Amino acid sequence: FSEYLSIDGVVDLTIAGNKLTDYSIVYDEGTEDALLNLRRNLFAVGGEDLAVVKPGEAAATAKTISIKLGGVADGEYSVTVQDGNIVIAGSDIAAVKYAVNRFCEDALFCKNGYYVGEAVVDIPASLNLAGKAGYMFDSYKADGVFSSDYIRHNISDYLGISYTDTVCFSDNAVADKIYTTIKNSKPDIRSGDEVLLVNNTANYCTCDKCKGGTEAFFNTVNAVAEKFAADGITIGVTAYKETRKPTVEKMNDNVKVYVIEPEVDCAKAINDESCAFNKAFADDLKAWVAAASNVTVLDMTMAYYDYPSTFPNFGIIYPNIAFYAEIGIDNVYMTWESNAALLEFAWLRMPLIKAMLQNPTMSKEDYDTLYRTVLEDLYGKNADKIQSYIDKFTSAAAKSFTILSNPDEILPIARNDKERGAAKYDLTLAKELGQIWEDVYDRHAAPEKGFDRLFDYQYKHADYYAQLHSRVQYTYWIDGNVDKFDRTDVFNEIINSFSK
C-alpha cells in the first residue's frame, strides 16, 4: 500500500455496501494519484469499477477500516489478522506480491500456487506470516532470499568516486575502504546479514598487477569477505558482463556469487550444445560451482523486454532448472518483468516453475504429467485447444531469440509492401490462432462485439480470465508486426474470418 497510496503508518479506506458493485471509494483532496492506482487495481482484482465520492458524500452505512502498516521494514512483508480483517502488507509492491503468494499457499493451501475452486477456509486470528520477500519464488534450497534489504551500493559508491573513475583493485587500500564504508553505513549489521558488491561502472585498472582484468576485483571481494568472516557476514557479488567468468581459483566460503546473463538464447536450453553462447554460459556456471561454495543463478530467460507480447519458450523451463540442480547450483531465481501477471500464460508457467524449483530432480515424465494437470485445471474443456495454440505458435516461432528480440523477430508476419492494408500481410497463422481464441471464448464473461473481444480484460488476474488475458498477448504480437495505420484493417480481416 505504501507504494500505491504514498502513505506510511495507517491507511483509512472507507467502503460502503454489501457487495463489490455497491462499494465506493472515499478520498481526500490531493490523493487523486493514489485513488487512480487503487481504483485500477481493485478493478484488476474484482472486475468492477468502484464509484468515487468525496468525504461527506458516502452513505450513512459507510465503514472505515484502518490498516496498520507499521513494523514492515525495507524488503519485508507481513500477513496478519487485525480486528477481523486480513491485512497483507509489504514495503513495496514486490513485497506485497510475495506476501499474497505466501498467504495463498500457507493459509489458503492453494495447490501448486493456482486456483483450485471454491472452499471454506478457517483463518485463525493468530495468523502471522512475515519475513523477507523474494523476487518471485523461493530457491530450490532454503538457503537465503534475494531481497531488497541487502546493501546494494555500487563499488564506486563505497569508494566515494565517480562511476567513470578507474579503480586499482590490486591496491589493498581499496578493500579497506569498502570494509570501512560498509561498517559505517550499516552500523547495525549483524551475523547472518549479506552485503552485495556490484561493479558495473568503475573502470578496471591496466597497471602491471591488474592488467585490465577482473581477477584483481575478485581478490578484493575475497579480502573484504575475509574481514567480515569472523562476524558471520556474507559478501554477495554479481558475476555479470565483465565479471561473468570466474578468474580466481577459489572464493572465500562467506562469498555468495550471483551469476547473471540476460543475453542467452531463450529458445534453447542453457546446456544446449548447438548454441555456442548458451554452452559458454553453461561452462561458466560449472566453473563458478568449482570456484565458490555458494552460487546463485538469476535466470533471465523469461524476462522478456516486450513482455505484453507472446514469448513461446515453455520448453526450456524443465531442462534449465534440471541442469542447474545437476551441476550443483545452490539457488535459482526465475526472474521476469515486475508486472509478472502480464507474462504470457503466467498462470500456466508459474505453477510449473514453482514445482520445479521445489523439486529440481523431478523426472520429465512427472513434469509432463504436472503440465497436463495444470493445463486442465486452468482451461478445463478448452485445454486441448489452448495446447494447440501453444504448439502452433511455438512451432512457427524463430529457432533462436533473446529477451531483447522484437515480436516481429520472434515470429515475423510475412509482408508484401506493394500491397495496402490487410492485403499487405500473410495472416494465415494469425487467423488460425485467432480462431482458437474465438472457439474458447466465454460469451458469458465478456462483450459480444468481436473487436472488443480481442482487447477485453487485458488486466484481469482471476483464474477464469487466464485465456482471455493470454489472448491479449496474441494481439500484441500482431501489433508488433503490422504498421500502425494498418492495424484496424488487419484486425477486422482476422475477425471477419472467424467461423462462428
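These are my notebook entries on a predicted model of one protein chain.

**Overview**

I began with the whole chain. I counted 16 helices and 14 strands in it. Of its 500 residues, 47% count as buried. I then looked up the accessible surface, which comes to about 24000 Å². Carbon and sulfur atoms own 49% of that surface. Next I took contacts between residues at least 6 apart in sequence, and 69% of them join residues at least 24 apart.

**Nonpolar cores**

Which residues touch the most other members of the largest nonpolar core? I found L285, W288, L348 and W477, in a core of 95 residues. Helix α9, residues 346-358, gives this core its largest share, 8 residues. Another core lies apart from it and has 10 residues. Y77, A95, L127 and L129 are among them. I noted the general background here: nonpolar side chains tend to be buried together in soluble globular proteins.

I went back to L348 for its partners. Setting aside residues up to four places away in sequence, L348 touches F314, Y371, V374, L375, L378 and I390.

**Helix α6**

I traced α6 from residue 215 to 229, 15 residues in total. From first C-alpha to last, the helix reaches 21 Å, close to the 21 Å expected at 1.5 Å a residue. Then I listed the buried residues of α6: A216, F217, F218, T220, V221, N222, V224, A225 and F228. The list holds N222 and T220 alongside the phenylalanines F217, F218 and F228.

Two of these names came up again in an aromatic cluster. F217 and F218 belong to one cluster with F169, Y204 and W288. W288 was already in my notes as one of the residues touching the most other members of the largest core.

**Aromatic pairs**

I searched the whole structure and got 14 aromatic pairs. One of them is Y179 with F228, a tilted pair, 4.7 Å centre to centre with 55° between the planes. It links distant parts of the chain: Y179 is in helix α5 (residues 172-185), F228 is in helix α6, and the two are 49 residues apart.

Is each ring of that pair buried or exposed? F228 is buried, at a relative accessible area of 0%. Y179 has 21% relative accessibility, so it counts as partly exposed; the cut-off for buried is under 20%.

Y179 has a charged neighbour too. The charged end of K227 sits over the Y179 ring, 6.0 Å from its centre. I found a second such case at Y318, where the charged end of K364 sits over the ring at 5.9 Å from the centre.

I also checked F323 and Y324. Both are buried.

**Two buried polar residues**

What does N320 touch, beyond residues up to four places away in sequence? I got A269, I270, D299 and T301. N320 sits in helix α8, residues 317-327. It is buried, with a relative accessible area of 0%. D299 is 21 residues from N320 along the chain, and their C-alpha atoms are separated by 8.7 Å.

D486 was my last stop. I placed D486 in the loop between α15 (466-479) and α16 (487-496). Its relative accessible area is 5%, so D486 counts as buried. Leaving aside neighbours within four places in sequence, D486 is in contact with G421, K424 and Y425.

Technical notes. Residues numbered from 1 in each chain as written. Predicted model: local features only at pLDDT ≥ 70, side-chain atom pairs only at ≥ 80, totals over all residues. Heavy atoms only, no water. Core = buried A, V, L, I, M, F, W, Y, C linked by side-chain atoms within 4.5 Å. Buried < 20%, exposed > 50% of the residue type's maximum accessible area, 1.4 Å probe, protein only. Helix = DSSP H or I, 4+ residues; strand = E, 2+ residues; numbered from the N terminus. Contact = heavy atoms within 4.5 Å. Areas by Shrake-Rupley, 256 points an atom, 1.4 Å probe, with all protein chains shown as cover. Expected span 1.5 Å × (residues − 1). Phe/Tyr/Trp six-rings, centres within 6.5 Å; stacked < 30°, edge-to-face > 60°. Lys NZ or Arg CZ within 6 Å of the ring centre and 35° of its normal.
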